[in-house]
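Welcome! Please take a moment to look over the structure below, and then try the exercises that come after it.

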Amino acid sequence: MLYLGIDQHHKQITISLRDGEGSVIQRRQVSTRPEKARAFLEELAHRSGEDGFMAILEVCGFNDWLIELLEEYRCKEIVLIHPDKRSKRKTDRRDAGKLSELLWLNGERLRKGTKPQGLRRVVIPTADDQADRQLTALRKRTAQQRTRTINKIKNILRRHNLTWEQPTKTFQTKLVRVWLAQIDLPPIDRMEMTHLLVQWNMYEQQIEQTQKSIEERFPQNESACQLSTAPGVSAYSALTIASRIGSIDRFASPRSLANYFGITPGCRNSGEATNRLGSITKEGSSMVRFILGQLVLHVLKQDPWMRDWYRRIRRRRGSKIARVAVMRRLVTIFWHMLKHNEGYHVGGPPRLRLKKPRRSEAKMAQ
């Protein structure tokens with residue numbers, strides 16, 4: 001078995017190859033040109049023989065093509081990890097060497113399917129989950145760009161104190177758009193306003209098109225359909241959360257799912273200090289945390305049990321900590337919903353069917 005560490009960049013990858021004893025047998029740079037990358041992997045597959053090889057690389061925004069290429073050349077195990085903190089003595093060769101050594105040390109655990117040590121491993125999503133993630137992220141980016149465009153339009157109106165002449169109280173209406181196209185402005189501001197109105201209309205069309213695609217893919221995701229039974233969870237919110245969870249079986253407990261999304265408190269326990277908790281870690285998907293923060297408002301309106309629990313925490317710790325506590329409780333409920341295939345229960349967390357009958361029921365049956 002050979003162990004391949006890859007430090008990936010745009011134009012080249014730096015590799016470090018180790019044998020079964022952990023000795024470095026090859027260290028070089030490989031061009032990312034398709035023919036060069038294929039030639040290297042073909043040589044590696046032939047060199048490894050029947051035992052094959054394992055590969056490790058750090059997650060980045062352009063891993064997809066390399067992962068597909070490794071799978072094509074029958075890589076036994078592809079380990080995708082989060083990058084560590086930046087070292088003061090950093091080179092591509094050193095990074096590749098550290099990765100290959102880390103893979104060699106955990107090779108036996110990975111082959112047995114046990115949890116590796118010292119690896120913040122990233123689970124490679126399925127093709128459907130990857131498509132859902134890309135689609136929901138596109139929907140979020142388009143909405144952010146629309147918001148920036150609207151804010152620029154409002155700045156032009158404030159510059160000339162024209163907000164009082166707005167025909168409707170709500171800004172995003174057809175009457176306001178017609179009014180914006182007709183108001184008198186200086187030539188440069190008029191030209192900028194015209195450009196911004198075109199961008200606004202374009203983003204509206206893109207959001208509508210993206211939302212239509214989300215609603216078409218939503219019924220195909222069983223986990224998203226399950227999450228949509230919760231208050232305020234739309235097709236967009238459900239697909240966003242479900243695609244980033246993936247298989248619920250990889251989370252042993254509700255707390256592990258909450259920790260995965262970065263809404264559990266960090267700690268700095270050392271020596272005699274055993275309960276030194278800090279703010280939430282904010283690791284994982286920031287997009288899911290944003291959606292959970294929006295769902296808090298809907299849940300508190302529609303679920304009286306959750307609202308009373310929120311108010312008790314708010315009196316003791318304040319509103320911000322109480323909202324984060326509701327987010328964490330929502331993730332716990334989502335874990336139970338997906339794990340036990342149940343819908344959302346207003347008035348309390350999901351209730352499981354009792355495995356054993358109660359004593360009264362057993363006596364009546366006798």
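Here are three short exercises on this predicted model, each with a worked solution.

**Exercise 1.** How do the axes of helix α7 and helix α9 cross?

*Solution.*
- Begin by finding the two helices: α7 covers residues 187-217, and α9 covers residues 235-245.
- Next, look at their axes, which come within 9 Å of each other and cross at roughly 65 degrees.
- Angles of 65 to 115 degrees count as roughly perpendicular, so α7 is roughly perpendicular to α9.
- Finally, check the hand: α7 passes α9 in a left-handed crossing.

**Exercise 2.** Which residues in α7 and α9 meet, and of which classes are they?

*Solution.*
- On the α7 side, pick out Gln211, Ile214 and Arg217.
- Facing them from α9 are Ala235, Tyr236 and Leu239.
- Now sort this contact of α7 with α9 by class: four residues are nonpolar, one is polar and one is charged.

**Exercise 3.** What is the sign of phi in Asn161 and in Lys282, and where is each residue placed?

*Solution.*
- Take Asn161: its phi is positive, about 55 degrees, although Asn161 is not a glycine.
- Asn161 belongs to the loop between α5 (127-159) and α6 (174-182).
- Turn to Lys282, another residue that is not a glycine; its phi is positive too, near 60 degrees.
- Lys282 sits in the loop that runs between β8 (277-280) and α11 (286-302).
- As a last step, consider the accessibility of Lys282: exposed means over 50%, so Lys282, with 57% relative accessibility, counts as exposed.

How values were computed. Residues are numbered from 1 along each chain as its sequence is written. This is a predicted model: local features need pLDDT of at least 70, side-chain atom pairs count only at pLDDT 80 or more; totals for chains, interfaces and linings use all residues. Side-chain values use heavy atoms; hydrogens and water are left out. Helices (H or I, at least four residues) and strands (E, at least two) are DSSP runs, numbered from the N terminus. Buried means under 20% relative accessible area, exposed over 50%, partly exposed in between (1.4 Å probe, protein chains only). Axes are lines fitted to C-alpha atoms, for helices over the stretch in contact, and angles run from 0 to 180 degrees between N-to-C directions. Angles under 35 degrees count as roughly parallel, over 145 as roughly antiparallel, 65 to 115 as roughly perpendicular and the rest as oblique. A crossing is left-handed if the near helix is turned anticlockwise from the far one by less than a right angle, and right-handed if clockwise. Contact means heavy atoms within 4.5 Å. Ala, Val, Leu, Ile, Met, Phe, Trp, Tyr, Cys and Pro count as nonpolar, Asp, Glu, Lys and Arg as charged, and the others, Gly among them, as polar.
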